[in-house]
Amino acid sequence: MTVIVDKELCLTAEIKDDDNEYDSTVEVLGLATYSNSESTVLSYASIFETLWIQAELKSKKKVAYFLAKGSQYGNSCQILMDILSLRKRLR
């Protein structure tokens, strides 16, 4: 688990096997690191932002695919229903 706060602080914690029941939250956590180092925090933030952009592009690619397939549909309402269905699955 990684938490980034205002691109200034970063907390990364290992989560042990959470399938087992533990008495407290402390028992679930393994190694943890805290950093306020600019380079470390910005590195983690960059990774998160890259993953976010990739997810958005994948979503847009799927919508574009349905729009390109539009000529195969006889009814434009069907296209809209397919796009709305896809958006619900992506959330």
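Tutor: Before we start, a quick definition: a patch here is made of residues with over 30% relative accessible area and no salt bridge, and nonpolar side chains are joined within 5 Å. Keep in mind that this is a predicted model.

Student: Okay, which residues make the nonpolar surface patch, and what is its area?

Tutor: Residues that join up under that rule include M1, V3 and V5. L11, I15, L29 and Y34 belong to the patch too. Together these residues give an area of about 610 Å².

Student: Which elements give two or more residues to the nonpolar patch?

Tutor: Look at the strands here. Residues 2-5 form strand 1, residues 9-15 form strand 2 and residues 29-35 form strand 3. The elements that give two or more residues are strand 1, strand 2 and strand 3.

Student: How do the strands line up in the sheet, and which are the edge strands?

Tutor: The sheet is open, with 3 strands in the order 1-2-3 and antiparallel pairing. On average, neighbouring strands are turned by 10° against each other, direction ignored. An edge strand pairs on one side only, and that picks out strand 1 and strand 3.

Student: How many bridges join strand 2 to strand 3?

Tutor: Strand 2 and strand 3 run antiparallel. Across this pair, L11 stands opposite Y34. The number of bridges joining strand 2 to strand 3 is 5.

Student: Is Y34 buried or exposed?

Tutor: Y34 sits in strand 3. The cut-off for exposed is over 50% relative accessible area. Y34 has 56% relative accessibility, so Y34 counts as exposed.

Student: And T12, is that one buried or exposed?

Tutor: T12 is found in strand 2. Leaving out residues up to four places away in sequence, T12 touches M1, T2, L31, A32, T33 and Y44. Buried means under 20% relative accessible area. At 18% relative accessibility, T12 therefore counts as buried.

Student: Which side chains meet in a salt bridge?

Tutor: Side chains of opposite charge can pair when their charged atoms come close. The structure holds 1 salt bridge. Its N to O distance is 2.8 Å, and the side chains are those of E49 and K7.

Student: How many residues apart in sequence are the parts that this pair ties together?

Tutor: E49 is partly exposed at 35%, and K7 is partly exposed at 45%. E49 lies in helix 2 (residues 38-68), whereas K7 lies in the loop between strand 1 and strand 2. So the pair ties together parts whose separation in sequence is 42 residues.

Key
Residues numbered from 1 in each chain as written. Predicted model: local features only at pLDDT ≥ 70, side-chain atom pairs only at ≥ 80, totals over all residues. Heavy atoms only, no water. Patch = residues over 30% accessible without salt bridge, like charges linked within 9 Å, V, L, I, M, F, W, Y side chains within 5 Å. Areas by Shrake-Rupley, 256 points an atom, 1.4 Å probe, with all protein chains shown as cover. Salt bridge = Lys/Arg side-chain N within 4 Å of Asp/Glu carboxyl O. Helix = DSSP H or I, 4+ residues; strand = E, 2+ residues; numbered from the N terminus. Buried < 20%, exposed > 50% of the residue type's maximum accessible area, 1.4 Å probe, protein only. Pairing = 2+ DSSP bridges. Axes fitted to C-alpha atoms, helices over the stretch in contact; angles between N-to-C directions. Contact = heavy atoms within 4.5 Å.
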